Amino acid sequence: MTRPLLVWLRDDLRLDDQPALRAAEGRPAIFLYIFDEKSPDLRPLGGAAKWWLAGSLEAFDASLRARGGRLDILRGAAGTLVPEVARACAASEVVWTRRYGGAEIALDAAIKRELAGIGVAARSFNGQLLREPWEVVNDAGQPVKVFTPFWRRHRALGPPPAPLPAPEHLEAAAWPAQAPPRASLEALGLRPTRPDWAGGLRATWRPGEAGAGERLSAFLAAAIQGYADRRDRPDGEHTSRLSPHLRFGEISPRRILASVEAAMAQGAIPARSGEKFLAEIGWREFSYSLLYAAPDLARRAWQPRFEAFPFRRDGAAFRAWAQGRTGYPIVDAGMRELWTTGYMHNRVRMIVASFLIKHLLLDWRDGEAWFWDTLCDADAANNPASWQWVAGSGADAAPYFRIFNPMLQGEKFDTDGVYVRRWVPELRALPSSAIHAPWQAPAAALAGAGVRLGETYPRPMVDHDFARQRALAALAEVNA
DNA sequence: TTTTGAGTTGTTCGA
DNA sequence: GTCGAACAACTCAAA
């Protein structure tokens, strides 16, 4: 009997452009996913991500089966389970897609050593990034710490390898008798039951490779046309919304790059919009490059002096932010979109993050953790890197005086209040002139709209001018 | 080696 | 209403 290949799947749940899976073409293989809440250093998935994972695993299993494969699921510590399965099935080789977080790299390296000890080779592939982080470095061989030169260098390396086609024929090897018993998807308890809070997620998303492909096609057919000018507006469908699909590896960045460049070459997309969108993929690469350089990105400020920032501790204020009752409509709209759909428009992410850090002086790590739990797309690189960017503690530091004004941001990017009305229905009847600062509206306008401040909608939990001055003072301490 | 210019996403103030 | 300047200093990239 042929010794099967063991394909260990993680955040790469797709057939297309999947180098590790490609290695399984034409030979029997075990396709293994391990739901790992046992490895002490791995960050457990957030609630929204777990919900997404359930759909993603389901879709991926169906895709595998359509080609002759089958997804096998285990629950437990990957460090012991991977070698155990490899031994039980006498694997010829173990393959996987690389990860870039500190704990993940350490775990994978340990498993590789363990496998070598039992005479099984392990081979890893890049299926997650356009280029490996160590390829994009400055002349000194160090990571490039500013986005623009990073992306210039990245592009100057030439096009990354073209995406691989999906394997046509797979062959599922029998589950070995000596291996631990498999878990059913249901047994993992990934989907919420009591209470079932996932209705908004179900209504918004279709996890899985097919859903990812649909998003990309729809985006290329419509919204990308005006992407350069409208991507900052949360009041309509102006962005790709591919991020959760990318998070779970349901689509590869190389496939996205190839599709966008093909459309640009045909003249189907304005070059400016196409490049702008690719730069967002570039930001993802940049975040992973930072993560690779700073394995503890979610816990430690990139700039050590920020560890001295005088954050306050205020649980009630944090909860008001998290639940979308700060009294600033654009902030509350964003936090409620997040809670309902597991997603938030990028511009609004910046606004709410700035509000938590600068207006409330609460620790960016707590905001990052909330996003980790509630976003479908939170990953080990983008989430912490972006929070640090807003905090000003990141590599590509913002000027200290960049403190978002939530009223102004609302007026600029949600001019007619479409986004606020959608997510903060108690303000729906307010005129647009009052929608971003109801406390400044004439009493008659409030009454006419059925808004009673402090009752039907909160007053601002902190005064903007006061908060701005307080934040500037706090930042001066760090920068002293 | 030294020098120079730039740095995703902002706000406020005064003319 | 619009516009330009000021808001620090620093680090990094590139010439």
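A residue is called buried if 20 or more other C-beta atoms lie within 10 Å of its own, and exposed if 12 or fewer do. These two words will be needed for one helix of the structure shown here, which is a predicted model.

The overall division of the protein comes first. Chain A is split into domain 1 (5-127), domain 2 (129-162 + 209-293) and domain 3 (304-479). The C-alpha centres of domain 2 and domain 3 are 27 Å apart. Where these two domains meet, 16 residues of domain 2 are in contact with 18 residues of domain 3. On the domain 2 side, H9 and H11 are the elements that contribute two or more residues. The largest share there, five residues, belongs to H11. By character, this side of domain 2 consists of seven nonpolar, three polar and six charged residues.

Helix H10 offers an example of how burial can be read from a helix. This helix covers residues 253-265, and its 13 residues should span 18 Å at 1.5 Å a residue; the end C-alpha atoms are 18 Å apart, which agrees. Within H10, the residues Pro253, Arg254, Ile256 and Val260 are buried. Seen down the helix axis, the buried residues of H10 fall within an arc of 155 degrees, so they line one face of the helix. A general rule helps in picturing such a face: an α-helix has 3.6 residues a turn, so residues three or four places apart point the same way. The buried residues of H10 pack against helix H7 (209-221), helix H9 (243-247) and H11. On the other side of H10, by contrast, Ala262 and Ala265 are exposed. Just after the helix, Gly267 adopts a positive phi of about 75 degrees.

The DNA strands may now be considered in turn. DNA strand B is surrounded by 16 residues, of which the closest are Phe147, Thr148, Phe401, Arg402 and Asn405. Helix H5 (147-156), helix H11 (271-293) and helix H17 (406-413) are the elements that each give two or more residues to this surface. Its residues comprise eight nonpolar, three polar and five charged.

Around DNA strand C lie several residues, including Asn138, Lys145, Arg152, Arg153, Tyr400, Phe401 and Asn479. Here the largest share, three residues, comes from H5. The surface near DNA strand C is made up of six nonpolar, two polar and three charged residues. Helix H5 thus appears at the surface near DNA strand B and at the surface near DNA strand C.

Key. Residues are numbered from 1 along each chain as its sequence is written. Chains are lettered from A and ligands numbered from 1 in the order in which they are written. This is a predicted model: local features need pLDDT of at least 70, side-chain atom pairs count only at pLDDT 80 or more; totals for chains, interfaces and linings use all residues. A residue is near a molecule or strand if its C-beta atom, placed from the backbone, lies within 6 Å of it. Helices (H or I, at least four residues) and strands (E, at least two) are DSSP runs, numbered from the N terminus. Ala, Val, Leu, Ile, Met, Phe, Trp, Tyr, Cys and Pro count as nonpolar, Asp, Glu, Lys and Arg as charged, and the others, Gly among them, as polar. The expected span of a helix is 1.5 Å times one less than its number of residues. The arc is that of the directions from the helix axis to the C-beta atoms. Two residues are in contact if their C-beta atoms, placed from the backbone, lie within 7 Å. Domain bounds come from an automatic or database domain assignment.
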